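What follows is a guided reading of one protein model, meant to be read with the structure open beside the text. Please keep the sequence at hand as well, so that each residue can be found as it is named.

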Amino acid sequence: MLDLLLIPAALLPALPLLAVRRGEHRLHGYLMTATLTLLGVRLLLHPRPLGRFHLALWLAALTVAGATLLMGRLALAWREARSTHSAYPRFHRALGCLTLVGLAITVLVWLLRHRS
């Protein structure tokens, strides 16, 4: 039943990417925060204890996602002319790509795990 929470978490990142293409950067941040929160809730509600490997993989992926959110706030400050550091958007995009790859690998390992 809890795997149903992964469906919106898998579909939700499409909405922020569309929002950023339309220039709605603040909405992009809100939707990405909602996605990260949904994944965190799903992990907290997992009925069986995770193995060390899976737990470490999920925590690493969520840590990179959290760093991407923080870098996104700095990038938004630059975009709204509240900061003078123009490198923040590049770092945010690089961390976003790293997060996307990390979460894809984590979900792949999650789906291919041995059920015991």
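A salt bridge is taken here as a side-chain nitrogen of Lys or Arg within 4 Å of a carboxyl oxygen of Asp or Glu. With that in mind, Arg 82 can be located together with Glu 80, since the side chains of these two residues meet in a salt bridge with an N to O distance of 2.7 Å. The model is a predicted one, and the distances and areas given below should be read as values computed from it.

Before returning to the charged groups, it helps to take in the overall architecture. The protein has five helices and zero strands, and, read along the sequence, it follows the pattern α-α-α-α-α. The C-alpha trace spans about 55 × 25 × 20 Å along the principal axes of the protein. Of the 116 residues, 28% are buried, and the accessible surface comes to about 8000 Å², with 71% of that surface belonging to carbon and sulfur atoms. When contacts between residues at least 6 apart in sequence are considered, 63% of them join residues at least 24 apart.

The confidence of the prediction should be kept in view alongside this outline. The pLDDT averages 86 over the protein, and 93% of the residues score at least 70. Among the elements, helix H1, covering residues 6-11, has the lowest mean pLDDT at 76, whereas helix H4, covering residues 52-79, has the highest at 91.

How many salt bridges does the structure hold? There are three, and the pair already described is one of them. Glu 80 also forms a salt bridge with Arg 26, where the closest N and O atoms are 2.9 Å apart. This second pair links distant parts of the chain, because Arg 26 lies in helix H3 (residues 25-44) and Glu 80 in the loop between H4 and H5, the two being 54 residues apart. Arg 26, Glu 80 and Arg 82 are thus linked in a network of salt bridges. As for their exposure, Arg 26 is partly exposed, with a relative accessible area of 38%, and Glu 80 is likewise partly exposed, at 34%, while Arg 82 counts as exposed, at 54% relative accessibility. A further salt bridge joins the side chains of Arg 22 and Glu 24, with an N to O distance of 3.2 Å. In that pair Arg 22 is exposed, having a relative accessible area of 53%, whereas Glu 24 counts as partly exposed at 35%.

The loop between H4 and H5 holds another residue to inspect, namely Ala 81. Most residues other than glycine have a negative phi. Ala 81, although it is not a glycine, has a positive phi of about 65°. Ala 81 also counts as exposed, with a relative accessibility of 68%.

From the loop, the reader can move on to helix H5, which is where Thr 106 is placed. Is Thr 106 buried or exposed? Thr 106 counts as buried because its relative accessible area is 2%, and the cut-off for a buried residue is under 20%. A polar atom of the Thr 106 side chain lies 2.7 Å from the backbone oxygen of Gly 102. Leaving aside neighbours within four places in sequence, Thr 106 is in contact with Leu 57, Trp 58 and Ala 61.

Leu 57, one of those contacts, lies in helix H4, and with a relative accessible area of 22% this leucine is partly exposed. Not counting residues up to four places away in sequence, Leu 57 touches Thr 106 and Val 109. Leu 57 can also be set against Arg 22, the salt-bridge partner of Glu 24: Leu 57 and Arg 22 are 35 residues apart in sequence, and their C-alpha atoms are 33 Å apart in space.

The last stop is on the surface, where Val 107, Leu 108, Leu 111 and Leu 112 form a nonpolar patch with about 390 Å² of accessible area together. Within this patch, Leu 108 is placed in helix H5, which covers residues 88-111. Helix H5 is also the place of Thr 106, and so the helix carries both this buried threonine, at 2% relative accessible area, and Leu 108, a member of the nonpolar surface patch.

Note on methods. Residues numbered from 1 in each chain as written. Predicted model: local features only at pLDDT ≥ 70, side-chain atom pairs only at ≥ 80, totals over all residues. Heavy atoms only, no water. Patch = residues over 30% accessible without salt bridge, like charges linked within 9 Å, V, L, I, M, F, W, Y side chains within 5 Å. Areas by Shrake-Rupley, 256 points an atom, 1.4 Å probe, with all protein chains shown as cover. Helix = DSSP H or I, 4+ residues; strand = E, 2+ residues; numbered from the N terminus. Buried < 20%, exposed > 50% of the residue type's maximum accessible area, 1.4 Å probe, protein only. Contact = heavy atoms within 4.5 Å. Polar contact = N/O pair within 3.5 Å; in protein donor to acceptor, adjacent residues only side chain to side chain. pLDDT = per-residue confidence, 0-100.
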